[in-house]
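The following exercises are to be worked through with the sequence and the structure in view. Each task is followed by a solution in steps.

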Amino acid sequence: MRRIKLSPRTSPWEWLAALSAPLTATAASFWFDGSMSVAGLSMFYMAAVTLAAALPQPAAAGSALASVLALNFFFVPPRRSLAVGGSEYWWILLSLLALSFGLSAVLGSLRRRREEADAARARASDLHALAQSMADVDGFEGMALAAASRLEVATGRPCAIFAKDETGGLSWFATQGREFHERAAAWAIESGRPLGAGSLAWPELRLWCAPFSRFGSAGAVQVLLGDGERPDSQTTEHWLSLVRQAGLALERERAAAAAMRSERTAQAEAARNTLLASLSHDLRTPLAGIVGSASALRTQAASLSEAQKGKLLEAIEYEARDLAVMADNVLQIARLSQPSSELASQWESIEDVLGAAVARARRRWPTASIQLKAPPGLPPLRAEAGLLAQALANLVDNAARHGGSPAKVVVQAGRSREGVFVAVRDFGAGLPEGDPTELFARWKRGQAGRAGGSGLGLAICQLAAQAHGGAVSAKRCDPGSEFRIDLPVPAAPEDA
C-alpha cells in the first residue's frame, strides 16, 4: 500500500543555499555600488530571493529576511547600521520584503499542491486494478463478484459485497463460502460509518465493514479478520478507498433514474439561462416600436394628421400584442421546462379549443384570411385547454406571419391513427433550407430577416404536444408549408 510522502525537513544544505543567495547578491552590490542607486542594488537581492524561493519555505523565508537586512545594513544610509535614513528607503525595503515573502508563499503553495497531486496519483494507481477488473464484466452481479474477488487480493482476506435488493433486504456476493455477518453490514449501511476492528464502532469484532458512501448508501464491503488482527489507520484508509471505488461502480446502474432526473434538471437550467440571455434582445424590438410611436404622438401630435396618428396607434397596439404573446410564451416555456411540471388536464372538445385559438389569431391578424375546417364528431381528449389553445394559436400566428401578403391560412382538424390531428397550412415562401425539426428549437426563427417573433412560438408547440403525449411536425408544400400536431385520444368516459 502506497503512503503519502510528507515534505522532508529543511536540510543543512538547503539552509546553506538559502544564505548563499543574499551573500552573492551582497557581493554583486559591492561591485556595482559606485554606479547604481539603492533601488538598482535591490534588484540583485530580488534576483537572489527569486532563486531561493524554490527552496523549502522556511529556508526561502530566511533568505528573504537576510536579503532585506543585508541591503539595509550595507547600502541604505546610514550605512553599517540597521537605521533607515528616509521614507524612500523604507519603501524599497518594505517592497523587497513583501515581494520576497509573497513569492515564497506562492511557490510554497504550488509545491504543496504538487505533493498532493503526487499522492492522488499514487492512490489512483492503487485503485486502477479494481476498476479494471470491474470494467471487464457486465451486470450488477458480475461486477459485485469481480469486486469481491479483487478486494480479497488487495486485502489478503475473505471479502463480501453486500447490496440492497428491490425489497429493501440485503444480498451478498463473495467468491468464498464463508460466514459473513449480515447484521453488521446492515448497521454500516444504515449509519454510514465503518465498524469492527480498526474503527470506533465495535472494535472487538473480528471483521471490518464499511458502507459504499456516508449518506444513502446502497451497500457495503465486509472483510473477515483473524484472531487478534487489527488494521492500522493507513490500512483502513486504503480499504475505504477501495470500498468507495467499488461502491461507485456498483451504484452506477441503480442510479440511472437519478442521473436522468439530474439531466432533466440541467436541461431546464440551460433553458432558463438561454431564456434570460435572449430576452434582453428580443424585447427591444417591440419596446422600441412602442416607445417610438408613443414619443411621436406626445411630441408631434399637433403636426400629425389623423391618418398618421392612427398608424402610430396601430403600431403601438401591434407591438403590445407581440409583447403579450411573448410573455405568454415565456411563462409557458418556463413552466413546461420544469422536470416536475404537471398539466391541469380535463376532458375537452377539440372544436372548442380550435375555436378559441382561431378567434385569438383572427383578432391578431385582422387582414389575414384564416379558415377553420373541423368535421363534426371528433372525439374529446384529455388536455389543458389554455396551453393547447396557445400552442395552436402560435401555429396560426406563425402561418399568418410568413404566409404572404395578404396571408391565407387554412386550419384543418381530423382523425388520425393515434387520435386526432390539427394541421395549419400557409401559402407563403415555405420552409427554409435544412432540417424542419430545427424550427422547433428555442429562439429559432423560421426566416432570416423577418420582423417579429421571439423564436419561442414553435418551441411552445413542441413542448405542449409532448406534454400531451403527442408530437409536432413540419413539411414543405407547393406553395407554402404545413405544421401539424398529432394528439392521442384515450378512452373517454361515457359522460364525457
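## Exercise 1. Aromatic rings

A cluster of aromatic residues is formed by Phe30, Tyr45, Phe73, Phe74 and Phe75. The model is a predicted one.

**Task.** Classify the ring pair Phe32 and Phe44 as stacked, tilted or edge-to-face.

**Solution.**
1. Aromatic pairs in the structure number 11.
2. For Phe32 and Phe44 the ring centres lie 5.5 Å apart, and the planes make an angle of 20°.
3. Planes under 30 degrees apart count as stacked. The pair of Phe32 and Phe44 is therefore stacked.
4. Phe32 belongs to the loop between α1 (12-31) and α2 (38-52), whereas Phe44 is in helix α2, so the pair ties together parts that are 12 residues apart in sequence.

**Task.** Decide whether Phe32 is buried, partly exposed or exposed, and do likewise for Phe44.

**Solution.**
1. The cut-offs are under 20% relative accessible area for buried and over 50% for exposed.
2. Phe32 has a relative accessible area of 34% and is therefore partly exposed.
3. Phe44, at 25% relative accessibility, is likewise partly exposed.

## Exercise 2. The antiparallel sheet

**Task.** State the order of the strands in the open sheet of five strands with antiparallel pairing, and name its edge strands.

**Solution.**
1. The order is β2-β1-β5-β4-β3.
2. β2 (170-173) and β3 (195-196) each pair on one side only, and these are the edge strands.
3. β3 is joined to strand β4 (residues 207-211) by two bridges, and the two strands run antiparallel. Leu195 has Cys209 in β4 as its bridge partner.
4. Between β4 and β5 there are five bridges, again with antiparallel strands. Here Trp208 has Val223 of β5 as its bridge partner.
5. β1 and β5 are also antiparallel and pair over five bridges, with Phe162 opposite Ala220 in β5.

**Task.** Identify the strands touched by helix α5 and those that helix α6 lies across.

**Solution.**
1. Helix α5 (residues 140-155) packs on the sheet and touches β1 (159-164), β2 and β5 (219-224). The directions of α5 and β1 make an angle of about 145°.
2. Helix α6 (residues 182-191) lies across β1, β2, β3, β4 and β5. Its direction runs at about 35° to β4.

**Task.** Establish how many residues of β5 are buried and which residues lie on each face.

**Solution.**
1. Six of the six residues of β5 are buried, and the strand is thus mostly covered.
2. One side carries Gly219, Val221 and Val223, and the other carries Ala220, Gln222 and Leu224.
3. Residues on both sides are buried, and both faces of β5 are covered.

## Exercise 3. The mixed sheet

**Task.** Explain why β7 and β11 each have one side without a neighbour in the open sheet.

**Solution.**
1. This sheet has five strands in the order β7-β9-β10-β12-β11, with mixed pairing.
2. β7 (369-373) and β11 (471-476) stand at the edges with a single partner strand each, so one side of each is left without a neighbour in the sheet.
3. On average, neighbouring strands of the sheet are turned by 15° against each other, with direction ignored.
4. The pairing of β7 with strand β9 (residues 408-415) is parallel and extends over five bridges. Within this pairing, Gln371 stands opposite Val410 in β9.
5. Helix α13 (residues 457-467) packs on the sheet and touches β11 and β12 (481-488). Its direction makes about 135° with that of β11.

## Exercise 4. The span of a helix

**Task.** Check the span of helix α12 against 1.5 Å a residue.

**Solution.**
1. Helix α12 (residues 385-401) has 17 residues.
2. The rule multiplies 1.5 Å by one less than the number of residues. For α12 the expected span is therefore 24 Å.
3. The end C-alpha atoms of α12 are 24 Å apart, which agrees.
4. As to burial, 15 of the 17 residues of α12 are buried, and the helix is mostly covered.

## Exercise 5. Cysteines

**Task.** Determine how many disulfides are counted, and whether Cys159 is buried or exposed.

**Solution.**
1. A disulfide requires two cysteine sulfur atoms within 2.5 Å.
2. By this rule the count is zero disulfides.
3. Cys159 has a relative accessible area of 1% and is therefore buried.
4. Cys461, with a relative accessible area of 0%, is buried as well.

How values were computed. Residues are numbered from 1 along each chain as its sequence is written. This is a predicted model: local features need pLDDT of at least 70, side-chain atom pairs count only at pLDDT 80 or more; totals for chains, interfaces and linings use all residues. Side-chain values use heavy atoms; hydrogens and water are left out. Helices (H or I, at least four residues) and strands (E, at least two) are DSSP runs, numbered from the N terminus. Buried means under 20% relative accessible area, exposed over 50%, partly exposed in between (1.4 Å probe, protein chains only). Two strands pair if DSSP finds at least two bridges between them. Contact means heavy atoms within 4.5 Å. Axes are lines fitted to C-alpha atoms, for helices over the stretch in contact, and angles run from 0 to 180 degrees between N-to-C directions. Rings of Phe, Tyr and Trp (its six-membered ring) pair if their centres lie within 6.5 Å; planes under 30 degrees apart count as stacked, over 60 as edge-to-face and the rest as tilted.
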